[in-house]
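Q: Could we go through this model together, one topic at a time?
A: Certainly; the structure is shown below.

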Amino acid sequence: MVDHVIRARRAVIGGGVRAASIGLQGGVIHTIGEFDEPFPAAEETVLGSELVLLPGLVDTHVHIDDPGTDWEGFASATAAALAGGITTVVDMPLDCDPVTTTAAALDVKRSAAEGACRVDVGFWGGVVPANVTSLAALAGAGVLGFKCFLSESGNPNFPPLGADEFATAMSVVAELDSVMLVHAESARVLAGCVPPAGRGYRQFLQSRPDDVELDAVRMVLDTVAATGARAHIVHVSSAAVLPLLAAAKRSGLPVSAETCPHYLSFAAEDVPDGGTVFAACPPIRAEENRRLLWQGLAEDTLDMVVSDHSPCAPELKDLDGGDFGRAFGGISSLQIALPAVWTQAAALGFGLADVCRWMAQAPAALAGLADRGAITPGRRADFCAFEPDARWVVHADDLLHRHPITPYDGATLTGAVRQVWRGGRVAETKSRGDLLSATGGVRA
């Protein structure tokens, strides 16, 4: 017996798309059968033929920045995630106050999240020079893994690790059987680059050349080989690192890597001078680079696509001045990550099973969340009903992120989320007006 059945003429199951009935019991997928298989006494939902049932997506790179800033809140971030078909997010440890580098700070973060979240939220722990040898307490407090920088993070409370500190931290991560997420930009190479200044995007790009990522990735891979620790390279923007990652994987090193929707959607040639809404670190690179990142996904050199939703207060983007030397480097895309990726993926011949592998299955595995990320018996009944052929125009003011700033504003995307289930129940998504009403007119 099951208590509910969802019948979908198209569902992403077992690496393909097929018709199926999914029987649910107690918020978990109990059985999967043919589309017309009988389930006595069960309530049922029959999806329209225009929809494809996907697993709820998992985004392991989200900056919620709460408490301590007005950049993003748990209510707005998780409402945006839900509206985008994402049922689990994992929060980054640095753009909040206090930064999540101690068990006490993690408690503060959890208190800020309590009662505000519309999706499941996990946490990465931060690694800085002051806590390199004391990560076990954070692991014991429940972080899903660790995150560090190899160059300045932009937050003086979250300084980078030097080479020796990184090696020590990786040894600890190996002992804990955990994973280290690495912002792989080299402080050594950056020190020799001309800092960004002015409205020219070309100058901004030259301030963070490919060598910045190449040098850092080499150091990470050398340290993985020396310590045996598992490493994950976040937000790969430079295709120049792909041969290094491919060789490391062939040799059996425990390393994985991600890229992000903005690196797959935009190219440097399209970024206007003064277009600081596109500013990100590492930067959006050339069209040929974008093509190679897609090839990296096709060849499994890149394992996943996550948003790196990294918002800030509008004034920090210097939208009026358009000075890349003054603008905060971060892009907001949490709510539209799925259609942004699908728009490009579909045009290149990829399927929805590929997108689910990149945006649900692989991120769940990275975070050790074995109970989600795929439509299979025993997993959580988290789903997204997606209309892959819908076309729509992004309006930043309609998005649920706290600040309506995104380079996707005005873009025409393909694919729309129509319904989301969490634990077997339909989760009601909010409009911007609903969110404002619930928070007394404040973008929570």
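**Salt bridges, sheet and cavities**

Q: Let us begin in helix H10. Which residue forms a salt bridge with glutamate 287?
A: Glutamate 287 forms a salt bridge with arginine 290, and their closest N and O atoms are 3.1 Å apart. A salt bridge here is a side-chain nitrogen of Lys or Arg within 4 Å of a carboxyl oxygen of Asp or Glu. The model is predicted: local features need pLDDT of at least 70, side-chain atom pairs count only at pLDDT 80 or more, and totals for chains, interfaces and linings use all residues. Residues are numbered from 1 along each chain as its sequence is written, and side-chain values use heavy atoms, with hydrogens and water left out.

Q: How many residues apart are the two in helix H10?
A: Glutamate 287 and arginine 290 are 3 residues apart in helix H10, a separation of about one helical turn. An α-helix has 3.6 residues a turn, so residues three or four places apart point the same way. Helices (H or I, at least four residues) and strands (E, at least two) are DSSP runs, numbered from the N terminus.

Q: Is arginine 290 buried or exposed?
A: Arginine 290 counts as buried at 14% relative accessibility, and glutamate 287 is partly exposed with a relative accessible area of 34%. Buried means under 20% relative accessible area, exposed over 50%, and partly exposed in between (1.4 Å probe, protein chains only).

Q: How many salt bridges does the structure hold?
A: The structure holds 16 salt bridges. One of them joins aspartate 303 to lysine 249, with the closest N and O atoms 2.7 Å apart. Aspartate 303 lies in the loop between helix H10 (287–298) and strand S14 (304–305), and lysine 249 lies in helix H8 (residues 242–250), so the pair ties together parts that are 54 residues apart in sequence. Aspartate 303 counts as partly exposed at 23% relative accessibility, and lysine 249 is partly exposed at 24%.

Q: Which residues are linked in a network of salt bridges?
A: The network links Asp120, Asp371, Arg372, Arg380, Asp382 and Arg422. Within it, aspartate 371 forms a salt bridge with arginine 372, the closest N and O atoms being 2.9 Å apart. Aspartate 371 is partly exposed at 31% relative accessibility, whereas arginine 372 is buried at 11%.

Q: Changing topic: what is the strand order in the open sheet of 6 strands?
A: The order is S9-S10-S11-S12-S13-S14, with parallel pairing. Strand S9 (125–126) and S14 stand at the edges with a single partner strand each, so one side of each is left without a neighbour in the sheet. Two strands pair if DSSP finds at least two bridges between them.

Q: And which strand pairs with S9?
A: S9 pairs in the parallel sense with strand S10 (residues 146–149) over 2 bridges. Phenylalanine 146 in S10 is the bridge partner of glycine 125.

Q: Now the interior. How many cavities of 30 Å³ or more are there?
A: There are 3 cavities of 30 Å³ or more. On a 1 Å grid over the protein atoms alone, a cavity is a set of points where a 1.4 Å probe fits but cannot get out, and lining residues have an atom within 4 Å of a point. Grid points are joined across faces, edges and corners, and a volume is the space filled by probe spheres set on the points.

Q: What lines the largest cavity?
A: The largest cavity holds about 60 Å³ of space, and its lining residues include Val277, Cys312, Lys317 and His403. The lining divides into 6 nonpolar, 5 polar and 1 charged. Ala, Val, Leu, Ile, Met, Phe, Trp, Tyr, Cys and Pro count as nonpolar, Asp, Glu, Lys and Arg as charged, and the others, Gly among them, as polar.

Q: What is the volume of the second largest cavity?
A: The second largest cavity has a volume of about 40 Å³. Its lining divides into 7 nonpolar, 1 polar and 1 charged, and strand S6 (residues 57–62) gives the most, with 3 residues.

Q: How many residues of helix H1 are buried?
A: In helix H1 (residues 74–83), 10 of its 10 residues are buried. Just after H1, glycine 85 takes a positive phi of about 85°.

Notes
1 Å grid on protein atoms, 1.4 Å probe; cavity = no way out; pocket = protein on both sides within 12 Å on 5 of 7 lines; lining within 4 Å.
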